[in-house]
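Here is a brisk report for someone who has not met this structure before. Please look at the model first, then read on.

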Number of protein chains: 2
Amino acid sequence: MKDFDLGSMVKDHRKKAGLTQLELANLAGVGKTTVFDIEKNKETVHWNNLLAVLQVLNIKIEFKGPFTK
Amino acid sequence: MKDFDLGSMVKDHRKKAGLTQLELANLAGVGKTTVFDIEKNKETVHWNNLLAVLQVLNIKIEFKGPFTK
DNA sequence: TTAATATTACCGCTGTAGCAGTAAAAAAGC
DNA sequence: GCTTTTTTACTGCTACAGCGGTAATATTAA
C-alpha cells in the first residue's frame with residue numbers, strides 16, 4: 001500500500017543521464033522547483049509536469065487494474 | 001509515443017465498479033470536475049488527485065525506466 | 001584546503017486547477 | 001413514449017502549484 005519512491009527513481013535516472021535539476025527542468029519545460037518537488041515525492045505536482053519530466057528521462061508508466069484488458 | 005488512454009481505463013473501471021462520477025469523486029475525496037477531467041484525459045490534473053482516484057479503483061501504477069533495478 | 005558547482009530551501013507573485021452550483025445534453029429505466 | 005439518472009459543459013470564486021529570484025547548505029573537483 002505504501003507509495004513507491006518515485007522521487008529517488010527520478011533522481012537516479014537524472015544522475016545517470018548526467019543532468020542537473022535545472023537542466024532537466026529546462027528540458028522538460030518546467031521550473032526547477034517542480035523537479036525538486038518531484039524528487040522529494042511531493043504529490044502536489046501537476047500530472048502534465050510529472051509526465052514531461054518522466055518523458056525526458058525515458059521513464060514509462062504502466063497502469064494495471066483489475067479489468068485491464 | 002502516443003499517450004495511452006488513461007481516461008477510458010478509468011471510466012471502464014469505474015463502470016465495472018458500479019460507480020457514478022460523483023460517487024467516485026466523493027470516495028476519492030476530489031471534486032466531480034476532477035473525475036470528469038481525468039476521464040477526458042486532461043493532463044492538467046494534480047498528481048495527488050489522480051492517485052486518489054486510481055487508488056479507489058485499485059489501479060496500480062508502474063514506472064519502468066532504463067535504469068530500473 | 002579552496003573554489004566551483006549543485007542542491008535544498010525559502011520568498012512574493014501570478015496563473016490556473018479545483019471546487020460547488022447550475023443547466024443542458026445523453027443515457028438508462030420504467 | 002415519459003421520467004430519472006448520469007454525464008457533459010459552463011460559470012465565479014478561491015486556494016495553491018508553479019514560477020524565477022535569491023540565499024544558504026551540500027557536494028564535487030582542483
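A phosphate oxygen of DNA strand C lies 2.6 Å from a polar backbone atom of B:Gly31. That is a polar contact, meaning a pair of N or O atoms within 3.5 Å; within protein, one must be able to donate a hydrogen and the other to accept it, and residues adjacent in sequence count only if both atoms are side-chain atoms. This is a predicted model, in which local features need pLDDT of at least 70, side-chain atom pairs count only at pLDDT 80 or more, and totals for chains, interfaces and linings use all residues. Residues are numbered from 1 along each chain as its sequence is written, chains are lettered from A and ligands numbered from 1 in the order in which they are written, and side-chain values use heavy atoms, with hydrogens and water left out.

The table sets out polar contacts with both DNA strands.

| Residue and atom | DNA atom | Distance |
|---|---|---|
| B:Gly31, polar backbone atom | strand C, phosphate oxygen | 2.6 Å |
| B:Thr44, backbone N or O atom | strand C, sugar or linking oxygen | 3.3 Å |
| B:Asn49, polar side-chain atom | strand C, phosphate oxygen | 3.3 Å |
| A:Gly31, polar backbone atom | strand D, phosphate oxygen | 2.6 Å |
| A:Asn49, side-chain N or O atom | strand D, phosphate oxygen | 3.3 Å |
| B:Lys11, polar side-chain atom | strand D, phosphate oxygen | 3.3 Å |

Start with strand C. DNA strand C is surrounded by 18 residues, and the closest are A:Arg14, A:Gln21, B:Gly31, B:Thr34 and B:His46. A residue is near a strand if one of its heavy atoms lies within 4 Å of it. Of the DNA strand C atoms that come within 4 Å of the protein, 77% are sugar and phosphate. The surface near DNA strand C has 3 nonpolar, 9 polar and 6 charged residues. Here Ala, Val, Leu, Ile, Met, Phe, Trp, Tyr, Cys and Pro count as nonpolar, Asp, Glu, Lys and Arg as charged, and the others, Gly among them, as polar.

Now strand D. Around DNA strand D there are 17 residues; A:Gly31, A:Lys32, A:Thr34, A:His46 and B:Arg14 come nearest. Sugar or phosphate supplies 78% of the DNA strand D atoms within 4 Å of the protein, and bases supply the rest. The residues of this surface divide into 3 nonpolar, 9 polar and 5 charged.

What about the aromatic rings? There are 3 aromatic pairs over all chains. Rings of Phe, Tyr and Trp (its six-membered ring) pair if their centres lie within 6.5 Å; planes under 30 degrees apart count as stacked, over 60 as edge-to-face and the rest as tilted. A:Trp47 and B:Trp47 are stacked, at 5.3 Å centre to centre with 5° between the planes. This pair crosses between chains, from helix α4 (residues 47-56) of chain A to helix α4 (residues 47-56) of chain B. B:Trp47 also forms an edge-to-face pair with B:Phe63, at 6.5 Å and 65°. Ring pairs link A:Trp47, A:Phe63, B:Trp47 and B:Phe63 into a cluster.

Is A:Trp47 buried or exposed? A:Trp47 is buried, with a relative accessible area of 7%. Buried means under 20% relative accessible area, exposed over 50%, partly exposed in between (1.4 Å probe, protein chains only).

A:His13 is buried too, at 2%. Its side chain has a polar atom 3.1 Å from the backbone nitrogen of B:Phe67.

Technical notes: Helix = DSSP H or I, 4+ residues; strand = E, 2+ residues; numbered from the N terminus.
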